[in-house]
There are 2 protein chains.
Amino acid sequence: MPVSEFDIIQRYFAGAGSRRDDVVLGVGDDAALLRVPPDRELAVAMDTLVDGVHFPYGTDPAAIGHKALAVNLSDLAAMGADPAWATLALTLPQPDTDWLEAFARGFSALAQRFGVQLVGGDLTRGPLTVTVQAHGLVPAGRALRRDGARPGDEIYVTGTLGDAGLALRLLQEDIAVPAMHRDFLVARLECPQPRVQAGMALGGLAGAAIDLSDGLLADLGHILERSGVGATLWVDRLPRSTAFRETLEDRPGLEVDWDHLPLAAGDDYELCFTVPPSRRAALQAALGGLDCGYLKVGIVEEETGLRCLHDDGSPCVVGAAGYRHFG
Amino acid sequence: MPVSEFDIIQRYFAGAGSRRDDVVLGVGDDAALLRVPPDRELAVAMDTLVDGVHFPYGTDPAAIGHKALAVNLSDLAAMGADPAWATLALTLPQPDTDWLEAFARGFSALAQRFGVQLVGGDLTRGPLTVTVQAHGLVPAGRALRRDGARPGDEIYVTGTLGDAGLALRLLQEDIAVPAMHRDFLVARLECPQPRVQAGMALGGLAGAAIDLSDGLLADLGHILERSGVGATLWVDRLPRSTAFRETLEDRPGLEVDWDHLPLAAGDDYELCFTVPPSRRAALQAALGGLDCGYLKVGIVEEETGLRCLHDDGSPCVVGAAGYRHFG
């Protein structure tokens, strides 16, 4: 029995995520109808994942469903926005019900966790491509932007860096590491956790913020460029996970540039943000209770450009400037 | 010289469309920031076009840019919404500057015409796929929906039907027809004109509305199903363009089912809507001045199901039930 587009949408996606009172009309009409409170601005982010480019062929569809939404919630987090609604454009070669069921499960679980309702989208036939748009609400005038960094601000990151980049290398080069570390690192690559609570807590505190999708060098670079400032980054202080450190320590023969992954590799989906030193206590009060943690890694300076220094003061030279699709 | 994602976005898309005062932050941050007036609901529609599925390989990129936005504006039209903002997820195999320039030109011209600003999106590498989300504003409680058709309502369509379906056959089967007709029909397929003014004028008048993307049978079927009603359609009265009629008249040897294109073929992007007979004069006042025209083609009835009749009362039997991606 052929499965029609309508059946698929009804079966797998019509009830995905949370039920929200501000959705006048969800999946099933020409467009969704949504209510934005008068004291809120609407934040919209749109990201695409392509099979074989943004995830390896054969990736667990539940992980793809999770990640397609997660990368967009990460963008909303970087604006300090509260996630509300999502739309999904799913292009796939054929209607594989097992695949769809798993994809919808991964997508819905994350949507539910952050109170997001799937309100519309499109289902088409073609090479596997997933585009999600996430809509969030942010108090008017309080959004975190890229252009608010000022000289003297301290630079922070949440969580740990380089895990996703290391996982990608492990998968690509089929390198054996202890299962515990491998599972942690691959989960960091395939199931990133958007730092939504951290982003919302940073409203009114952070001068500038961005999420780390292309790597710290490239993404911090955007903040500096948009803010017209420069920075020094202390590369030895970048937060590294236990799995990351032990995988590298156990394998002294690994290529030396792996040590640069926390600086240059993408896909971590942590937040990078700047805060004036005068707000250090307020920052601790706002973020101290969150699981992800946060760490100071540098300082904003008037002199443009990004200087990467080791703790002994020597410069750190890095080849790659982050991941660019057409670089 | 390699062209980076950032350069491409800056060069071709950063200024696309209109400049709007309600855009707090457009292209260039983690998310766009938008202001929705307190007396408006937000309508969002998302549609994907896939190379070789929704347009033939080698289609003029300006036409693809136009159509990717047009099909979404058509969805907003079917809600009675005023278009405001768009986001664009563009996946393409390589950064071909000629292609991008033409695509952006087609997209921007249509955006400009309807006062739409491009506020964000994503650019990725992979098989050519274009997803657009259009955002519109509609007075609270006045949106046109699919579920408002009532027995006794008259069924109308704008414009003419079957042109895009006929154009697709001409292209696929490489059939020679007079250039004037061919150009008209191919333009109807490649550059559909979203019926935005008609949709907005129908607010408060039409009981139900939908845009014709999958063909009249399938799309009217959605209205009937959602409204819990049935209808009779007078198939000989469906509006056919001169190009459509003359192409079929000149070629008596053409397969007979071509005559069913106005009923079953997709891609016309006209509106189908229902209006109580008591509002006939108001309808004429609202739509009479528009170029596209509109025509009564049937009547809503209590008995469910869709009955297609010829003018002599005999039933019209149609094989295809509209285009379904996975049908």
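## A walk through a two-chain model

Start by selecting both chains and looking at where they meet: 56 residues of chain B and 56 residues of chain A make the contact, where two residues count as touching if their C-beta atoms, placed from the backbone, lie within 7 Å. Everything here belongs to a predicted model, in which local features need pLDDT of at least 70 and side-chain atom pairs count only at pLDDT 80 or more, while totals for chains, interfaces and linings use all residues. Residues are numbered from 1 along each chain as its sequence is written, and chains are lettered from A and ligands numbered from 1 in the order in which they are written.

**Stop 1: the chain B side of the contact**

Now pick strand 3 of chain B, residues 40-50. With nine residues, strand 3 gives the most to the side of chain B that touches chain A. (Helices, H or I with at least four residues, and strands, E with at least two, are DSSP runs numbered from the N terminus.) Colour that side by class and you will find 30 nonpolar, 13 polar and 13 charged residues. Here Ala, Val, Leu, Ile, Met, Phe, Trp, Tyr, Cys and Pro count as nonpolar, Asp, Glu, Lys and Arg as charged, and the others, Gly among them, as polar.

Add strand 2 of chain A, residues 32-34. It runs antiparallel to strand 3 of chain B, and three bridges join the two; strands count as paired if DSSP finds at least two bridges between them. To see one of these bridges, show A:L33 with its partner B:A43.

**Stop 2: the axis**

Which residue of chain B comes closest to the rotation axis? Select B:P38, whose C-alpha is 2.5 Å from the axis. A rotation of 180 degrees with 0.0 Å of shift along its axis puts chain B on chain A, with an RMSD of 0.0 Å; this is the relation of a two-fold axis. The fit is by least squares on the C-alpha atoms of residues with pLDDT of at least 70 in both copies. Both copies use the same surface, as 100% of the contact residues of chain B recur in chain A.

**Stop 3: a sheet shared by the chains**

Next, show the open sheet of six strands with the order 5(A)-4(A)-6(A)-3(A)-2(B)-1(B) and mixed pairing. Its edges are strand 5 (117-125) of chain A and strand 1 (23-25) of chain B, each pairing on one side only. Neighbouring strands are turned by 20 degrees against each other on average, direction ignored. At the chain B end, strand 1 and strand 2 pair in the antiparallel sense over two bridges; B:V23 has B:L34 as its bridge partner.

**Stop 4: two domains and helix 2**

Stay with chain A and colour domain 1 (5-139) and domain 2 (154-309); such bounds come from an automatic or database domain assignment. Their C-alpha centres are 26 Å apart, and the contact takes 19 residues from domain 1 and 18 residues from domain 2. Two elements give two or more residues to the domain 1 side: helix 2 (61-79) and strand 4 (82-92). Helix 2 gives the most, with 12 residues.

Select helix 2 of chain A alone. The helix lies across strand 3 (40-50), strand 4 and strand 6 (129-139) of chain A, at about 30 degrees to strand 6. (Axes are lines fitted to C-alpha atoms, for helices over the stretch in contact, and angles run from 0 to 180 degrees between N-to-C directions.)

**Stop 5: the second sheet**

Move on to the open sheet of chain A in the order 8-10-7-11-9-12, again six strands with mixed pairing. Strand 8 (208-211) and strand 12 (305-309) are the edge strands. Zoom in on A:Y156: its bridge partner in strand 10 is A:F273, and in strand 11 its partner is A:K296. Five bridges join strand 7 to strand 11, which run antiparallel. Further along, four bridges join strand 9 to strand 11, also antiparallel, with A:A231 opposite A:V300.

**Last stop: confidence**

Finally, colour by pLDDT, the predictor's confidence in each residue, from 0 to 100. Chain A averages 91, and 93% of the residues score at least 70. Residues 320-327 of chain A stay under 50. For the model as a whole, ipTM is 0.91 and pTM is 0.92.
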